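Let's walk through this model together, starting at a bound ligand and moving on to a metal site. Keep the 3D view open as you read.

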Amino acid sequence: MPTRAPDAELIARMDAYWRAANYLSVAQIYLLDNPLLREPLAPEHLKPTLLGHWGTTPGQNFIYVHLNRAIREHDLDMIYLSGPGHGGPALVANTYLEGTYPEIYPDISADEAGLRKLCRQFSFPGGIPSHVSPECPGSIHEGGELGYSLSHAFGAVLDNPQLVAACVIGDGEAETGPLATSWHSVQFLNPRTDGAVLPILHLNGYKIANPTILARIPRAQLEQLLRGLGWAPLFVEGEDTSLMHPAMFVAVDEAVRSIRDIQRRWREGGERVPSPWPMIVLRSPKGWTGPAMVDGLPNTGTFRSHQVPVSDPRRFPAHLPVLENWLRSYRPEELFDAGGRLRPELAELAPRGDRRMGANPHANGGRLLRDLRLPDFRQFAVPVPEPGVLGRGDTHLLGPFLREVVRMNAESGNFRIFGPDETISNGLEAVFEATDRQWLAPILPGDESLAPSGRVMEMLSEHQCEGWLEGYLLTGRHGLFNCYEAFIHIIDSMFNQHAKWLKVSATLPWRHRIASLNYLLASHVWRQDHNGFTHQDPGFIDHVVNKKAQVVRVYLPPDANCLLSVMDHCLRSRHYVNVVIAGKHPSPQWLDMPAAVEHCTQGIGIWDWASNDQDSAEPDVVMACAGDVPTLETLAAVSILREHLPELCVRVVNVVDLMKLQSSSEHPHGLSDRDFDTLFTTDKPIIFAYHGYPTLIHRLTYRRRNHDNLHVRGYKEEGTVTTAFDMTVLNDLDRFHLVIDTIDRLPHTGSRGVYLKQHLQNKLVEHRHYIAEHGVDLPEVRNWKWPAGTAAR
Ligand SMILES: Cc1ncc(C[n+]2csc(CCOP(=O)(O)OP(=O)(O)O)c2C)c(N)n1
Ligand SMILES: [Mg+2]
């Protein structure tokens, strides 16, 4: 494909199209009425409150019109990600002009009445947000929280060999940690099987109130930086539009040519050595084409253009002509016909049908989503002839299931596992029997499970893994993020943004539902034997449950069969965030597969084989547990109670689906009050052993009738490198404390209770001395087993 000099007539029309987009952007920020300025601008035509971001917008409009041209000329399958997503007016304007907006929202029609509504709705109560939010066609990236555009773009093109993701990166955004590391994504992109990302670094020089680093460092240094990261930058720099249009035109063609060249060499020529990928550096004034001066201060080309350059002309009449001149400088009468439609010679510049970036199906990924092929998870069941048999470690038993998921979907190429260097460490080594870690940098003898193509993506950046996975899901595929529990917090706010996206997109009938974002948090708080305190933090759950109930699910499978059942469910689910917490160390198995399926389907239930209140009117105490380690300690506590206080009626309740605890009026999974009371009684003590911070259980149950009798043990920020059992002791979650807690709440256990309590307190002292001397837990703790034949199952 030769790079050709642009034709002047075409450039003139592209400039007019750009003016139309800029005009509509300013109009959205300011106008309530008079959208085509058919009348002199009057205060009553203006919004009472002016909101939005102008500074980034003209640059993005410029990029969009140039990409449109390239799509048409080269028949590109392209989507657009707006890193500085506060430039919402640009994307709304462009999707309106290309016709996708009126198609999706017929009320915002391509005429004067539609234009009026388009302007009115922007950043207006009952209207649309100021960012490139889910409401905006073609968007998979709201860009409200800066930093993730490039990882999203890479996630989008994985396994989409024909797709090009154009990704506009703000020069301020480029300073964020996630963005700074996401340049490395090229080391993971396979030019044969994946598509391409075209980053456009938008060097408009400023953020909200400061210059940007990349705009101020010498150009040679910037070029070295980008080249060092694996990119070949094409610079388009200036402010004279008569020069910038041809320069951008040529740069975009050059980038497309170079992408196709790399792809051809890999796909047809068998090339296997990565070469730098093209990118564009667009250096143009912030607020380009806006008012040069406002209130005696330079505006265009400065940080002052970031939001609304001309403030409140309703209150400052001198601003009214400044605004009117600015709007008229785009010459709307040349751009729209008498009916308010974009003139046909301009409209024809936009791509057609699904090639329009607002209509590209990849940006409405649910449209392309195919169900995963899943093996029958029951095939991977662990035999549990009696409760308490020792398993190999729950995630190790999940691994073979995931290996088959990888195998069965290899051909359709729509399932990937993401993680920051921990897939093996988290116990999922079996997946490497079926695939490798995708890695395009050199591979040396001695490396393991690395290949230019593979279903596992590992880079030591949780941001990057999260961003890749979100991009992958948003474009209609499936995936799993495996991570240490403590460090998933690094992406807390990325989770926030994705959960918000899911919530809003679920309300838009035209947005198809996507696959759920599945987190598998192994290497959890209770078993950080190697690492200690820094690695102990179960607070991600607390963070997750803040989000809308219709979007979040938290599962704490107590053993491997439950984990298999839960994971099967999560991989089938749509439009949720599923958090699954599971252990990787050898641990007791409680339920055979049929029982596990029943239990996980219910999400919560009495374990009758561990309880002995079947024949009594009510139990004396409810021993509840959620999480693998708390379940073990609870059952060990129950075995002590049943041995020493056999007349006590104990009910064991296990919780897999944490949301069952919440009221049914708050969460769709929540138990009704009646069902909750049936399980937990209305007036008996509940000793609840919980995986995470105890306050969460109170938060979820505060409205329940028996809440006053609920006593929760969990992680209370005590930890270090110590034995597994000592971790529970340090946090009062161990079996001895749980029994003592029970006795304290049951005075009628009388002297037998008192003596047992004393005995257990002595045990805790013995434990401390023993581990300090031997470095391992007491034999009676290490070798404890659920007493066989305690009750029929
Ligand atoms: C992570 C994050 N921190 C801070 C902000 C607040 N913020 C919004 S826009 C902006 C400046 C962005 O500058 P840049 O990326 O250069 O965008 P542009 O100049 O194109 O507007 C900041 C700091 C944010 N949205 N996200
Ligand atoms: Mg900037």
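This is a predicted model, and a good place to begin is the backbone of Gly-172, where an N or O atom sits 2.7 Å from an oxygen atom of ligand 1. Glu-173 also approaches through its backbone, with an N or O atom 2.8 Å from an oxygen atom of ligand 1. Asn-204 uses its side chain instead: a polar atom there lies 3.0 Å from an oxygen atom of ligand 1. On its own, ligand 1 has 580 Å² of accessible area, and the protein covers 74% of that.

Now look at the wider surroundings of the ligand. There are 16 residues around ligand 1, and those that come nearest are His-86, Gly-144, Asp-171, Gly-172 and Lys-286. Sorted by class, this shell contains 7 polar, 5 charged and 4 nonpolar residues.

Asp-171 leads us on to the metal. The magnesium ion (ligand 2) has as its protein donors Asp-171 through OD, Asn-204 through OD1 and Tyr-206 through O, at 2.0 to 2.2 Å. Along the sequence, these donor residues follow the spacing D-x32-N-x1-Y. Asp-171 belongs to the loop between strand E2 (163-170) and helix H7 (177-182), while Tyr-206 belongs to the loop between strand E3 (196-203) and helix H8 (213-216), so the pair ties together parts that are 35 residues apart in sequence.

Are these two loop residues buried or exposed? Asp-171 counts as buried because its relative accessibility is 1%, under the 20% cut-off. Tyr-206, at 18% relative accessibility, counts as buried too.

Note on methods
Residues numbered from 1 in each chain as written. Chains lettered and ligands numbered in written order. Predicted model: local features only at pLDDT ≥ 70, side-chain atom pairs only at ≥ 80, totals over all residues. Heavy atoms only, no water. Near = heavy atom within 4 Å. Polar contact = N/O pair within 3.5 Å; in protein donor to acceptor, adjacent residues only side chain to side chain. Areas by Shrake-Rupley, 256 points an atom, 1.4 Å probe, with all protein chains shown as cover. Nonpolar A, V, L, I, M, F, W, Y, C, P; charged D, E, K, R; others polar. Donors = N, O, S within 2.8 Å, 3.2 Å for Na, K, Ca; no water. Helix = DSSP H or I, 4+ residues; strand = E, 2+ residues; numbered from the N terminus. Buried < 20%, exposed > 50% of the residue type's maximum accessible area, 1.4 Å probe, protein only.
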